[in-house]
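Hello,

Here is the structure I said I would pass on. My notes on it follow below.

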Amino acid sequence: MTLPNIQIKRADLKNYGSGSYLASDVTVLLDMVDKDAVADVPVSRKEALIQSGQRHYSDMLTLEQAPTAMHEQLYIQALEQGSTRTATDIAHLSHTLYHVFQQDVSDECPLVLVSLVRAGLPIGVLLQRALSDTDSSYHLPSVHYGISIIRDRGLDPVALQMLLDAYPNSPIVFVDGWTGKGAIYKELARSLETFSDSSHVNFANIFHQGADVIPLLTLADPAGVAWLAASEEDWLIPSGLLNSTVSGLISRSLYTEPSSGLHRSVFYDDLIEVDHSLAFIDRIDATRRSLATTLARLPTYQQPRYQTAALIEMLAADYHIINRNRIKPTIAEATRAILRRDPERILLATAEHPDTILLRHLCAQRNITISVLGDKILPYQAITLIKQRSQDT
């Protein structure tokens, strides 16, 4: 039976919101602040401040605007094209989670899905819907939370501790949308080092798959770092084409000192009219429920393979890039970099691949150079190189 103090801690978590998702889909452990209280820094100014080392990207925000009509149209096209694949991948991932954890979880000690804000949020919500589906063969007791992770700053330690206190006997699986170079995996691994001693009271919550295994799940894993992924391909994941309007209207997270509380975020209430978050979830979830696919248990990996590390190093040498953060691989990451950063050029594997239509449209709009490099950049279909604004470090 769950102890009263644990019930109180779980009840306290319900004080947090779910963005524009349903409360049953996710609880987002972020300190939501008014967007008027956040400095709106133009992209060009932000790029200069980041690259000069004067400010970290997590200290600033460029407030999002509604996507253009063309951007919306290309997202709808991607959704039409990728719904069945996304639903199938979610079903296979859920089937695998069921077989890994069915003996270890219960209603009192459910599997804790922790989505990394914010690319992980739509995927985590889809997994939570799937595992909660009592008509499926992979129904599993689970809860779903979203917490912040920021490059160079780490996983929000306050939010993680809140979950460990509320679910002291539950395994945790971290969820992200895709992997690019593996930078977030490394950040996650660094953040979890404190729990890696087998005598730590929370060791089993994190390292339930082995002493050195970081339980990261992604829909796509081109970098080859995830413990569990549906594939290692770089493909047009529909949720990767939009920002907050497919992620619960939640902004990229902003850093807060651990002693000060949760990482912060902005809720874009002005974008409600163009929000696709729930519609995306409902569309993929309905498709999953109608699948007649034979489910497969996916492979899991004990250690990262870093299968694109040599490719990233080759590109850094070819384009004289010292700061690897200027290299943004995968279709989703390349698209988001164009929308949020100041790109120098886009590298494509093929000139006319249907999965890169939006990228090519955005490049034409902004007069960004495209270089087609063929098989040289596979498994990535697209890579954005960020413009150098100061001495590269």
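To start with a single residue: does D342 count as buried or exposed? D342 counts as buried, because its relative accessibility is 13% and the cut-off for buried is under 20%. Please keep in mind that this is a predicted model. D342 sits in the loop between α10 (331–340) and β11 (343–348). Apart from neighbours within four places in sequence, D342 has contacts with V43, E47, A337, R366, I386, K387 and R389.

The rest of these notes concern charged pairs. Side chains of opposite charge can pair when their charged atoms come close. In this model there are 23 salt bridges. Three of them are described here, each with its place in the chain.

K35 and D270

The closest N and O atoms of K35 and D270 are 3.8 Å apart, and the two form a salt bridge. K35 is in the loop between β2 (31–33) and α2 (43–51), while D270 is in the loop between β9 (264–266) and α8 (277–289), so this salt bridge ties together parts that lie 235 residues apart in sequence. K35 counts as buried because its relative accessibility is 18%. D270, at 45% relative accessibility, counts as partly exposed.

D133 and R288

A salt bridge also joins the side chains of D133 and R288, at 3.2 Å from N to O. D133 belongs to the loop between α4 (120–131) and β4 (142–150), and R288 belongs to helix α8; this pair links distant parts of the chain, 155 residues apart. Both D133 and R288 are buried.

R305 and D221

R305 forms a salt bridge with D221, and their closest N and O atoms are 3.4 Å apart. Here too the pair links distant parts of the chain, with the two positions 84 residues apart in sequence: R305 is in the loop between α8 and α9 (309–318), and D221 is in the loop between β7 (216–220) and β8 (228–231). The relative accessibility of R305 is 27%, so R305 counts as partly exposed. For D221 the value is 1%, and D221 therefore counts as buried.

Finally, the network. Which residues are joined into one network by salt bridges that share partners? They are D25, R129, D133, D282, D285, R288 and R289. D133 and R288, the pair with the 3.2 Å salt bridge, are thus listed among the members of that network.

Regards

How values were computed:
Residues are numbered from 1 along each chain as its sequence is written. This is a predicted model: local features need pLDDT of at least 70, side-chain atom pairs count only at pLDDT 80 or more; totals for chains, interfaces and linings use all residues. Side-chain values use heavy atoms; hydrogens and water are left out. A salt bridge is a side-chain nitrogen of Lys or Arg within 4 Å of a carboxyl oxygen of Asp or Glu. Helices (H or I, at least four residues) and strands (E, at least two) are DSSP runs, numbered from the N terminus. Buried means under 20% relative accessible area, exposed over 50%, partly exposed in between (1.4 Å probe, protein chains only). Contact means heavy atoms within 4.5 Å.
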